[in-house]
Structure formats: C-alpha cells, structure tokens
Amino acid sequence: REQQVVLGKDRAFTFDYVFGERSSQSKVYDECCNPLIQGCLEGYNATVMAYGQTGSGKTFTMGSGAQPEDGKEHAAGVIPRALRELFAELEDCAPPGYQGPDAGSESDSEGEEVDLE
C-alpha cells in the first residue's frame with residue numbers, strides 16, 4: 001500500500017519515508033538510502049529527494065558539509081555517506097592492486113562538469 005498525503009480534494013502526494021526532527025543522520029541514511037546504494041551496485045537506478053518547507057532541514061539532511069576531520073561524522077548527510085559507501089563497495093570489488101585506468105596521471109577534466117546519469 002502506498003503512503004500518501006492528500007491536499008484539497010484531488011492533490012495526492014506519495015512518499016516512502018517521513019522522519020521526525022529528532023531522527024539522526026545515520027537513521028535516515030540506514031533506513032532509506034543504504035538499500036538504494038545496494039540496488040545501484042546491482043544495476044538499478046535510484047533517486048533520493050528531500051522535500052519540505054524552508055528551514056525544515058533539507059540541506060542539512062542531504063549534505064551538511066560535515067567531514068570526518070571536523071569531528072562531526074555523525075552530522076554527515078545523505079550525499080557524503082552515499083559516496084563513501086559507494087566507493088568503498090567499488091573498492092572491495094576491484095581486483096587486488098587495481099588503481100584505475102589513469103592511476104597516477106593528472107585529470108584532463110578539471111573545471112568540467114561530469115554527468116553521472
């Protein structure tokens with residue numbers, strides 16, 4: 001059964017998860033994003049979208065800019081957690097000693113946008 005909120009008489013919005021203001025970043029990631037990363041590694045597409053009113057915490061939840069060296073790993077959002085997990089999983093799948101096709105060379109893509117679709 002789909003979870004929906006209906007506004008007015010005919011505006012229905014379907015959603016997968018709702019988290020309260022006391023939910024931790026790790027809880028949000030573990031419950032709704034971790035399974036999507038596993039699916040991506042199996043070849044499925046995934047999208048995470050944060051929606052809400054101004055000041056409700058969307059930017060904090062998605063990114064926050066917290067880095068482990070800041071001592072604020074617990075505050076890291078969905079994007080840094082997903083990237084860390086994705087690259088760790090890919091590293092685990094690589095043959096021993098593999099460093100990538102351009103290991104040790106400078107990148108020619110400096111200043112260019114990379115389309116990840």
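Here are a few exercises, each with a worked solution, on the predicted model shown above.

**Exercise 1. The hairpin**

Work out how strands S1 and S2 are arranged and what sits in the turn.

*Solution.* Start with the two strands: S1 covers residues 3–7 and S2 covers residues 11–15. They run antiparallel, and five bridges join them. To see one of these pairings, pick Gln4 and look across to S2, where its bridge partner is Thr14. Now follow the chain round from S1 to S2: three residues lie between the strands, making this a hairpin. Stop at Gly8 in that turn, and you'll find a positive phi of about 70°.

**Exercise 2. Along helix H1**

Follow H1 and find where the helix bends, then check its span against the expected one.

*Solution.* First, the span. H1 has 17 residues, and from first C-alpha to last it reaches 22 Å. The expected figure is 24 Å, so to speak a close match, at 1.5 Å a residue. Next, the bend: look at Cys33, where the helix turns by about 45°. Within four residues after that comes a proline, Pro35. Finally, step just past the end of H1 to Gly43, which has a positive phi of about 100°.

**Exercise 3. The nonpolar core**

Find which residues form the largest nonpolar core and which helix gives the largest share.

*Solution.* Collect the members: Val28, Tyr29, Cys32, Cys33, Ile37, Met62, Val78 and Ala82, eight residues in all. Then sort them by helix. H1 (25–41) and H3 (78–93) each supply at least two, and H1 gives the largest share, with five. As background, nonpolar side chains in soluble globular proteins tend to be buried together.

Now turn to the buried side of H1, which includes Gln25 and Gly39 as well as Val28. The buried residues of this helix pack against H2 (58–62) and H3. Zoom in on Val28: beyond its neighbours within four places in sequence, its contacts are Phe19, Ser23, Cys33, Thr61 and Val78.

**Exercise 4. The salt bridge**

Find which side chains meet in a salt bridge, and decide whether they are buried or partly exposed.

*Solution.* A search of the whole structure turns up one salt bridge. Its partners are Lys27 and Glu31, at 3.6 Å from N to O. Check their positions: both lie in H1, four residues apart, or about one turn of the helix. Then compare each with the 20% cut-off for buried. Lys27 has a relative accessible area of 39%, so this residue is partly exposed. Glu31, at 37%, is therefore partly exposed too.

Notes
Residues numbered from 1 in each chain as written. Predicted model: local features only at pLDDT ≥ 70, side-chain atom pairs only at ≥ 80, totals over all residues. Heavy atoms only, no water. Core = buried A, V, L, I, M, F, W, Y, C linked by side-chain atoms within 4.5 Å. Buried < 20%, exposed > 50% of the residue type's maximum accessible area, 1.4 Å probe, protein only. Contact = heavy atoms within 4.5 Å. Pairing = 2+ DSSP bridges. Expected span 1.5 Å × (residues − 1). Bend = angle between axes of the 7 residues up to and from the residue. Salt bridge = Lys/Arg side-chain N within 4 Å of Asp/Glu carboxyl O.
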